[in-house]
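Reader: I should be grateful for a close look at a single part of this model, namely its charged side chains and the rings that accompany them. Which contacts do they make, and how are those contacts placed along the chain?

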Amino acid sequence: TYVTEEVHAEALVRNLQGFQNFLDVAAAQFAEQVNFSGVARDCQVAYATVRDYYSILEDTLLGFFLRPYVKSVRKRMSQQPRFYFFDNGVTRALLGSVRGSPSPLERGRLFEQWFVQEVVRLNDYARNELKLYFWRTSHGAEVDLLIERGGKVMFAIECKHKATVGPADLSGLRALREVMPAVNCFVVAPLKHRQQLGFATALHPLEMLNILAEVA
């Protein structure tokens, strides 16, 4: 209701049905890389219109992009970003699944979105001027969150919604370490106790947020 009324009241779009179709597709793809051409095709609207719709979600603070990490700023801006909504409840409402239990896959994506939301908010509140990215290779290895400051990547963080974490969960971080051997690697998961997994530390997300809050 908030999304519809916010957009309608501000007369931000002329084609409300097209925007509703876009919301359905955008919600289904939350926390994933955005294929703007694919979204335009699914919504049956123009490519430029999809870009405008995502800008509306950003301008109304309903969501935000996370850009891929590459050394070239030009290449970074040209590659497909991930999109996150500002609230998991709103995301599930857009999906029409508020009353049902999320599937294991959806639960994992919601967990990732929640953690990224909290890091973004913490960074804004503390004015730490951290730059946030995700990392992905052409071969599909990926890390959910890279945190950079002063041109240096300080932390690499993988999100896993599972009670136990093992070496098999470190494939993305392991690939990253091949090109960034000095980066501090973490896995955030709903664990009862911190675990040391070789080069990576697995810990509860609140503990990770406390570490980030101490970044001066």
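Author: A charge is said to sit over a ring if NZ of Lys or CZ of Arg is within 6 Å of the ring centre and within 35 degrees of the ring normal. The model is predicted, and local features need pLDDT of at least 70, side-chain atom pairs 80 or more, while totals for chains, interfaces and linings use all residues. Residues are numbered from 1 along each chain as its sequence is written, and side-chain values use heavy atoms, without hydrogens or water.

R51 meets the ring criterion: its charged end sits over the ring of F36, 3.7 Å from the ring centre. R109 provides another such contact, lying over the face of F30 at 4.2 Å from the centre of that ring.

R109 also takes part in a salt bridge, where its side chain meets that of E32 at 3.7 Å, N to O (the term requires a side-chain nitrogen of Lys or Arg within 4 Å of a carboxyl oxygen of Asp or Glu). This pair links distant parts of the chain, since E32 belongs to the loop between α2 (16-28) and α3 (36-43), R109 belongs to helix α7 (residues 104-126), and their positions lie 77 residues apart in the numbering (helices are DSSP runs of H or I with at least four residues and strands are E runs with at least two, numbered from the N terminus). R109 counts as buried because its relative accessibility is 16% (buried means under 20% relative accessible area, exposed over 50% and partly exposed in between, with a 1.4 Å probe and protein chains only). E32, by contrast, has 35% relative accessibility and therefore counts as partly exposed.

The bridge between E32 and R109 belongs to a total of 10 salt bridges in the structure. As a general matter, side chains of opposite charge can pair when their charged atoms come close.

Helix α7 also contributes to a bridge between R82 and E112, whose closest N and O atoms are 2.9 Å apart. Distant parts of the chain are linked here too: R82 lies in strand β2 (residues 82-85) and E112 in helix α7, 30 residues apart. R82 is buried because its relative accessible area is 4%, and E112 is buried because its value is 9%.

Elsewhere in the chain, E207 and R194 join their side chains in a salt bridge of 2.5 Å, N to O. E207 lies in helix α9 (residues 205-213) and R194 in the loop between β6 (184-188) and β7 (195-197), so the bridge ties together parts that are 13 residues apart in sequence. With a relative accessible area of 29%, E207 is partly exposed; R194, with 47%, is partly exposed as well. Salt bridges that share partners also build one network, which joins R82, E112, R136, E142 and D144.

The rings may be considered next. Across the whole structure, a search finds 16 aromatic pairs (rings of Phe, Tyr and Trp, its six-membered ring, pair if their centres lie within 6.5 Å; planes under 30 degrees apart count as stacked, over 60 as edge-to-face and the rest as tilted). F22 and Y54 make an edge-to-face pair, with 4.8 Å from centre to centre and 90° between the planes. Because F22 lies in helix α2 and Y54 in helix α4 (residues 47-59), the pair ties together parts that are 32 residues apart in sequence. F22 counts as buried at 0% relative accessibility, and Y54 counts as buried at 2%.

W114 and F115 form a tilted pair, at 6.5 Å centre to centre with 55° between the planes. The two residues fall into separate accessibility classes: W114 counts as partly exposed because its relative accessibility is 27%, whereas F115 is buried because its relative accessible area is 0%.

F22 and Y54 also belong to a cluster that ring pairs build from F19, F22, F36, Y47, Y53, Y54, F65, F83 and F85. Among the members of this cluster is F36, the ring over which the charged end of R51 sits. R82, the partner of E112, is assigned to strand β2 (residues 82-85), and the cluster includes F83 and F85.

In summary, R109 combines a salt bridge to E32 with a position over the face of F30, while R82 and E112 are both members of the network of shared salt-bridge partners.
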